[in-house]
Amino acid sequence: MIKIVSFKICPFVQRVTALLEAKQLAYQVEYISLKDKPQWFLDISPNGQVPLLITEEGIALFESEAIVEYINEVSRPLEDKLTPEQKALDRAWSYMAAKHYLVQCSAMRSADEDTLCERMTKLSKPFAKVEAELAKRESASGHLFKGEQLSNVDIAWLPLLHRAQIIQQHTGFDLFANKPNVKAWQTALFETGLFGASVAEDFEEAFTGFYLSDQTYLGQGAKCCETRSNSNDELACC
Ligand SMILES: N[C@@H](CCC(=O)N[C@@H](CS)C(=O)NCC(=O)O)C(=O)O
């Protein structure tokens with residue numbers, strides 16, 4: 001069976017596990033500490049980062065983008081008969097998401113209001129772009145990126161949408177308050193069950209313990225949600 005080397009709250013890992021779950025492929029997960037990386041991991045991970053996917057033949061693959069491509073090559077595609085143009089567009093929309101994983105992580109770790117607002121403003125930009133794209137689509141049925149059909153674009157944005165949902169549930173901070181199409185997309189993705197299926201059972205505890213601790217502004221209650229709402233169309237809370 002393939003193995004994923006993971007760190008519980010890593011969004012790059014979640015993109016990979018969400019794809020495996022969506023395709024119903026069997027896999028094992030081994031969690032490691034990133035503060036104290038085991039030697040066996042350093043020996044097989046050229047960049048010292050998770051995720052790794054270790055194939056059944058024992059080959060360690062690294063870089064989530066490459067791992068996602070590998071999974072798509074060795075398994076049935078989520079969507080049949082995509083044109084080369086459509087595949088290129090899907091990769092581009094997926095790249096926009098992955099490039100903002102660390103932006104979201106650093107925003108959530110902000111220690112004060114100004115830093116949170118500055119980082120959340122940066123994070124809101126790709127969501128404004130995807131909101132405009134989704135508005136053009138006006139799918140009659142289904143609110144996933146392509147309507148009813150789950151695609152690689154959904155999988156790439158899933159870690160961002162999942163984390164935004166947890167932040168909202170715990171703090172009231174709603175990054176998508178002025179983005180009804182992204183909101184509907186988030187709900188539709190949540191309803192696939194992939195948010196929960198792609199993470200460990202105690203993910204939410206680990207996630208909130210790190211991002212909503214008393215060391216973060218969000219963890220302290222994010223008062224900017226009350227004071228600055230309605231002042232900025234781009235960003236609901238800051
Ligand atoms: N470009 C990498 C980024 C992965 C990444 O940043 N992983 C983080 C955890 S979320 C990590 O392993 N950090 C440890 C380190 O950089 O030493 C990928 O797409 O796989």
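How exposed or buried is Ala66? Ala66 is partly exposed, since its relative accessible area is 41%, a value between the 20% and 50% cut-offs. Please keep in mind, as you look through the views below, that this is a predicted model.

**View 1. Ala66 sits in helix 3.** The helix shown here spans residues 64-74, and Ala66 is part of it. With a relative accessible area of 41%, Ala66 is partly exposed. For a sense of scale, look across to Leu53: the C-alpha atoms of Ala66 and Leu53 are 9.9 Å apart, while 13 residues separate the two along the chain.

**View 2. Ten names to find around the ligand.** Cys10, Phe12, Leu34, Lys37 and Gly48 surround the ligand together with Gln49, Val50, Pro51, Glu63 and Ser64. By residue type, this shell splits into five nonpolar, three polar and two charged members. Some of these residues return in the next views, so it is worth locating them here.

**View 3. Polar atoms of Lys37, Val50 and Ser64 approach the ligand.** From the side chain of Lys37, an N or O atom is 2.5 Å from an oxygen atom of the ligand. Ser64 also uses its side chain, with a polar atom 2.5 Å from a ligand oxygen. Val50 takes part through its backbone instead: one of its polar backbone atoms is 2.9 Å from a nitrogen atom of the ligand. On its own the ligand has 500 Å² of accessible area, and the protein covers 76% of that.

**View 4. A cis peptide bond joins two residues of the ligand shell.** Val50 and Pro51 both belong to the set surrounding the ligand, and the peptide bond between them is cis, with omega at about 5°. Pro51 lies in the loop that runs between helix 2 (39-44) and strand 3 (52-54). Most peptide bonds are trans, which is why this kind of geometry is worth a look.

**View 5. Glu63 and Lys81 have positive phi values.** Most residues other than glycine have a negative phi. Glu63, another member of the ligand shell, has phi near 70°. Glu63 is found in the loop between strand 4 (60-62) and helix 3, where it is partly exposed at 41% relative accessible area. Lys81 likewise is not a glycine, yet its phi is positive at about 55°. The loop holding Lys81 connects helix 3 and helix 4. Lys81 counts as exposed because its relative accessibility is 82%, over the 50% cut-off.

**View 6. Lys146 and Asp90 meet in a salt bridge.** The closest N and O atoms of this pair are 2.5 Å apart. Lys146 comes from the loop between helix 6 (113-137) and helix 7 (152-171), and Asp90 from helix 4 (residues 84-98), so the contact ties together parts that lie 56 residues apart in sequence. Asp90 is buried, with a relative accessible area of 6%, whereas Lys146 is partly exposed at 21%. Include Glu79 in the view as well: Glu79, Asp90 and Lys146 are linked in a salt-bridge network.

**View 7. Two further salt bridges involve Arg76 with Asp80 and Asp174 with Lys183.** Side chains of opposite charge can pair when their charged atoms come close. The Arg76 and Asp80 side chains meet with an N to O distance of 3.3 Å. Of these partners, Arg76 is exposed at 62% relative accessibility, and Asp80 is partly exposed at 45%. Between Asp174 and Lys183 the N to O distance is 3.1 Å. Here Asp174 counts as buried at 13% relative accessibility, while Lys183 is partly exposed at 23%. In total, the structure holds nine salt bridges.

**View 8. Strand 1 runs parallel to strand 2.** Five bridges join strand 1 to strand 2 (residues 27-31). To find your place in the pairing, start at Ser6, which stands opposite Tyr31 of strand 2. Strand 1 (residues 2-6) is largely enclosed by the rest of the structure, because four of its five residues are buried.

Methods: Residues are numbered from 1 along each chain as its sequence is written. This is a predicted model: local features need pLDDT of at least 70, side-chain atom pairs count only at pLDDT 80 or more; totals for chains, interfaces and linings use all residues. Side-chain values use heavy atoms; hydrogens and water are left out. A residue is near a molecule or strand if one of its heavy atoms lies within 4 Å of it. A polar contact is a pair of N or O atoms within 3.5 Å; within protein, one must be able to donate a hydrogen and the other to accept it, and residues adjacent in sequence count only if both atoms are side-chain atoms. Accessible areas come from the Shrake-Rupley method with a 1.4 Å probe; for residues, only the protein chains shown count as cover. Ala, Val, Leu, Ile, Met, Phe, Trp, Tyr, Cys and Pro count as nonpolar, Asp, Glu, Lys and Arg as charged, and the others, Gly among them, as polar. A salt bridge is a side-chain nitrogen of Lys or Arg within 4 Å of a carboxyl oxygen of Asp or Glu. Buried means under 20% relative accessible area, exposed over 50%, partly exposed in between (1.4 Å probe, protein chains only). Two strands pair if DSSP finds at least two bridges between them.
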